[in-house]
Amino acid sequence: MKTVLEPFRIKAVEPFRITTVDERQHHLTAAHHNLFLLRAEDVMIDLLTDSGTGAMSAQQWAAIMTGDESYAGCKSFFELEAVVRELTGYRHVFPVHQGRAAERILFNVMVTPGQSVPNNAHFDTTRANIEYLGAAAVDFVAPQAKDLRTLAPWKGDLDVVALERWLAAQPKGSVPLGVLTITNNRVGGQPVSMQNLRAVADLYHRYGLPFFLDAARFAENAWWIHRLDPEWQQVPLPKVARAMFDLADGCMISAKKDGLVNIGGLLCVNDDAVAQKVRNLLILTEGFPTYGGLAGRDLAALAQGLREVLDPDYLHYREASAQYLASHLDQLGVPVVRPFGLHAVYVDARAMLPHIPPTRLPGQALACELYVQGGVRSVEIGTLMFGHDDPKTGLPVVADNDLVRLCLPRRVYTQSHIDWVIETFAEVHGRRHDLRGLEITQQAPFLRAFTAHMRPVAETAPVGDLVQRG
Ligand code: F0G
């Protein structure tokens with residue numbers, strides 16, 4: 001079957017304005033070629049992120065109306081706690097306002113300066129929260145993830161051999177906990193196998209380390225295990241998810257992804273002493289533990305979202321839309337990162353635009369062109385985001401890859417919208433040789449991608465060999 005069957009009908013619609021190429025060119029210039037600086041109302045198809053951008057169901061909106069706004073002990077909290085306990089099995093459930101709040105609180109109570117925290121790959125905010133405490137965030141990306149085009153199924157895995165070698169060499173007491181991110185956002189949203197989850201749990205526990213999941217996309221990881229691993233094909237999805245959670249001692253969840261809500265997060269722990277410290281810091285910085293910085297209605301919507309997200313029809317639709325987009329781009333000759341993920345499709349802009357050197361930001365050039373041609377907003381994950389100028393030499397340091405991420409908000413866009421994205425790509429790919437690179441005219445000392453100003457450059461030839469690789 002070629003048609004993506006969205007397993008929902010549309011009850012409320014959010015119109016967007018249809019703009020022209022000229023209008024969008026004007027908006028892009030006014031935004032200094034930085035798509036973060038656009039007004040969202042000037043975007044038609046917004047694939048910037050899948051975080052907090054999903055559509056809630058009628059049942060979730062109904063839950064919003066019945067949310068209990070009592071300051072302490074609200075009914076909505078106990079409802080959420082019951083759903084999360086059933087899903088994860090963890091003893092202590094703390095709502096927080098979003099994923100990074102869970103990270104900040106957990107690391108504050110467990111990590112001290114000079115320590116190191118391992119992970120398959122830390123998401124930006126996870127890394128930043130660890131580094132902010134004067135500790136190191138260490139990644140153990142699986143070797144199979146390094147090649148963007150091979151079809152290895154579990155590119156999100158953690159390299160356990162490298163981790164074991166590293167753990168054996170660490171001074172006693174210098175590693176306070178171990179983390180594993182499912183799915184692995186930093187390597188293209190690739191899943192982690194159950195085998196790897198078990199091996200990582202075993203290794204952390206052998207070293208006496210508490211093991212925490214960064215489980216923002218736990219449902220998508222469970223779906224891949226269910227789809228690809230014969231051991232789990234007959235097992236219902238809630239049981240697959242529970243088996244992943246059972247291996248760990250707690251989790252951090254940005255509920256803006258698989259919680260199917262626009263705001264919210266969770267921090268879950270088994271250890272009573274850790275929970276006590278979390279509770280104290282939560283009260284200080286987020287709110288009373290039965291609301292954690294959220295409204296009662298947010299808790300109620302999240303409880304309902306967690307009941308819905310493991311529906312196989314929904315996850316099947318999600319896979320079908322991502323595969324539909326990725327395989328059509330592939331057919332056009334667009335270099336797509338493989339295997340195709342669920343939450344996003346990644347395009348290798350450096351391979352698509354070889355005439356634009358990495359210092360001239362091929363990912364950003366492609367993202368800008370997709371916006372001008374089709375009103376499609378994507379995000380560069382490459383040299384604009386991870387590159388910088390070397391403070392000693394002043395030379396540009398480029399990222400390992402220049403990718404463009406097309407993220408799929410949950411339950412928001414239909415197959416026609418995705419067809420529009422494909423047609424936009426066809427247009428842009430057809431005249432890719434005409435695309436020009438960009439130069440940065442203004443940048444902040446860190447996280448420059450969010451605020452940098454850029455302008456197109458005339459030359460497309462490499463700017464020389466004076467480039468360092470980051
Ligand atoms: N962990 C992972 C794996 C994430 O992808 C994110 C957010 C977070 C933690 C932080 O959660 O935003 O609720 O504070 N990822 C978004 C993205 C922003 O676009 O991939 P948050």
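**A surface patch, a helix pair, salt bridges and some unusual backbone spots**

Phe288 sits in the loop that runs between helix 10 (272–285) and helix 11 (296–308). The model is a predicted one, and this loop residue is a handy place to start looking around it. With a relative accessible area of 31%, Phe288 is partly exposed. Together with Tyr71 and Ile283, Phe288 makes up a nonpolar patch on the surface, and the three residues add up to about 310 Å² of accessible area.

Next comes a pair of helices. Two packed helices are described by the angle between their axes and the distance between the axes. For helix 12 (residues 312–332) and helix 16 (residues 415–430), the axes come within 10 Å and cross at roughly 20°. Angles under 35 degrees count as roughly parallel, so helix 12 is roughly parallel to helix 16. As for handedness, the crossing of helix 12 with helix 16 is right-handed.

Turning to charged side chains, the structure holds 26 salt bridges. One of them stays inside a single helix: Arg242 pairs with Asp246, with 3.0 Å from N to O. Both residues belong to helix 9 (residues 237–247), where they are four residues apart, or about one turn of the helix. Arg242 is partly exposed, its relative accessibility being 31%.

Another salt bridge joins the side chains of Asp258 and Arg410, at 3.1 Å from N to O. This pair ties together distant parts of the chain, with 152 residues separating the partners. Asp258 is in the loop between strand 7 (250–254) and strand 8 (265–269), while Arg410 is in the loop between strand 14 (403–407) and helix 16. Under 20% relative accessible area a residue counts as buried, and therefore Asp258, at 0%, is buried. Arg410 counts as buried too, with 1% relative accessibility.

A further bridge links Arg338 with Asp330, whose closest N and O atoms are 3.1 Å apart. Here the partners fall into separate classes: Arg338 counts as buried at 18% relative accessibility, whereas Asp330 is partly exposed at 25%. Elsewhere, shared partners join salt bridges into one network made of Asp50, Arg217, Glu220, Asp258, Arg318 and Arg410. The Asp258 and Arg410 pair described above thus turns up again, as both residues are members of that network.

The backbone has a few spots worth a look as well. Arg338, already met as the salt-bridge partner of Asp330, is joined to Pro339 by a cis peptide bond with omega at about -10°. Pro339 lies in the loop between helix 12 and strand 9 (344–348). Another cis peptide bond connects Ile182 and Thr183, with omega at about -20°. Thr183 is part of the loop between strand 5 (178–181) and helix 7 (194–206).

Positive phi values round off the tour. His33 is not a glycine, yet its phi is positive, near 60°. This residue is in the loop between helix 1 (21–30) and strand 1 (45–46), and His33 counts as buried at 10% relative accessibility. Leu361, also a residue other than glycine, has a positive phi of about 55°. The loop between helix 13 (349–352) and helix 14 (362–374) is where Leu361 is found. At 2% relative accessibility, Leu361 is buried.

Notes:
Residues are numbered from 1 along each chain as its sequence is written. This is a predicted model: local features need pLDDT of at least 70, side-chain atom pairs count only at pLDDT 80 or more; totals for chains, interfaces and linings use all residues. Side-chain values use heavy atoms; hydrogens and water are left out. Patches are made of residues with over 30% relative accessible area and no salt bridge: like charges are joined within 9 Å, nonpolar side chains (Val, Leu, Ile, Met, Phe, Trp, Tyr) within 5 Å. Accessible areas come from the Shrake-Rupley method with a 1.4 Å probe; for residues, only the protein chains shown count as cover. A salt bridge is a side-chain nitrogen of Lys or Arg within 4 Å of a carboxyl oxygen of Asp or Glu. Helices (H or I, at least four residues) and strands (E, at least two) are DSSP runs, numbered from the N terminus. Buried means under 20% relative accessible area, exposed over 50%, partly exposed in between (1.4 Å probe, protein chains only). Axes are lines fitted to C-alpha atoms, for helices over the stretch in contact, and angles run from 0 to 180 degrees between N-to-C directions. Angles under 35 degrees count as roughly parallel, over 145 as roughly antiparallel, 65 to 115 as roughly perpendicular and the rest as oblique. A crossing is left-handed if the near helix is turned anticlockwise from the far one by less than a right angle, and right-handed if clockwise.
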